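Trainee: Please take one part of this model and walk me through it closely. I would like to see the helix packing around a single side-chain contact, with the whole chain as background.

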Amino acid sequence: MTLKECYELTGSDYEAALSRLGSEEVMDVIVTMFAKDDTFTALKSLIAAGNTDEAQRAAHKLKGVTSNIGFGLLASSSTEILGALRNNDIKAASAILNMTLPLYERTVAAVNAYSEQKKAASEKKSHSRS
């Protein structure tokens with residue numbers, strides 16, 4: 001799987017992300033880091049605990065990261081969650097988060113599949129040189 005195919009699986013705009021980030025190498029690093037980031041999980045816990053202030057910070061971070069790497073659907077959902085939290089509507093934020101969960105999981109799964117396939121190809125290439 002290529003990084004472009006990974007973006008396609010997530011419903012994201014590869015070309016826009018490439019234009020914004022400048023190179024596929026930069027995209028690769030940032031996208032891989034995203035899959036390891038725990039902001040979404042933290043946001044879920046903070047919303048469940050009713051901690052609106054900290055949840056706003058987490059939602060803002062998630063919005064920024066997903067916007068920067070071109071995961072537009074997640075960025076849009078993060079923006080909606082942030083708006084609900086700013087309006088102190090924890091129920092709405094929770095509902096939006098729950099609707100976003102499958103998209104988030106699909107995105108992380110696609111990134112992890114991309115990373116694993118890239119790693120396997122690299123190892124195969126390394127072994128063939130030996």
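Mentor: What follows goes from the whole chain to one contact, and then to the helices around it.

First, the ground rules. This is a predicted model: local features need pLDDT of at least 70, side-chain atom pairs count only at pLDDT 80 or more, and totals for chains, interfaces and linings use all residues. Residues are numbered from 1 along each chain as its sequence is written, and side-chain values use heavy atoms, with hydrogens and water left out.

Now the background. The protein chain has 7 helices and 0 strands. Helices (H or I, at least four residues) and strands (E, at least two) are DSSP runs, numbered from the N terminus. The order of elements from the N terminus is α-α-α-α-α-α-α. The C-alpha trace spans about 60 × 25 × 20 Å along its principal axes. Of the 130 residues in the chain, 36% are buried. Buried means under 20% relative accessible area, exposed over 50%, and partly exposed in between (1.4 Å probe, protein chains only). The chain exposes about 7,300 Å², with 53% of it supplied by carbon and sulfur atoms. These areas come from the Shrake-Rupley method with a 1.4 Å probe; for residues, only the protein chains shown count as cover. A contact means heavy atoms within 4.5 Å. Among contacts between residues at least 6 apart in sequence, 63% join residues at least 24 apart.

Next, the close look. Start at threonine 39, in helix H4. Threonine 39 counts as buried because its relative accessibility is 5%. Its side chain makes a polar contact of 3.3 Å with the side chain of lysine 61. A polar contact is a pair of N or O atoms within 3.5 Å; within protein, one must be able to donate a hydrogen and the other to accept it, and residues adjacent in sequence count only if both atoms are side-chain atoms. Leaving out residues up to four places away in sequence, threonine 39 touches Ala58, Lys61 and Leu62.

Turn to the partner. Lysine 61 sits in helix H5, residues 52-68. Lysine 61 counts as partly exposed because its relative accessibility is 42%. With residues up to four places away set aside, lysine 61 touches Asp37 and Thr39. Lysine 61 and alanine 75 are 14 residues apart in sequence, and their C-alpha atoms are 10 Å apart in space.

Back to H4 as a whole. This helix covers residues 39-49, and Thr39, Phe40, Leu43, Leu46 and Ile47 are buried in it. Seen down the axis of H4, these buried residues fall within an arc of 125 degrees, so they line one face of the helix. The arc is that of the directions from the helix axis to the C-beta atoms. An α-helix has 3.6 residues a turn, so residues three or four places apart point the same way. The face of H4 turned away from its buried side carries exposed Ala48 and Ala49. Glycine 50 follows H4, with a positive phi near 80 degrees.

Then H5 again. Threonine 52 also has its place in H5. Threonine 52 counts as buried because its relative accessibility is 16%. Not counting residues up to four places away, threonine 52 touches Leu85, Asn88 and Ile90.

That leads to H6. Leu85 is among the buried residues of H6, as are Leu74 and Ala75. Asparagine 88 follows H6, with a positive phi near 55 degrees.
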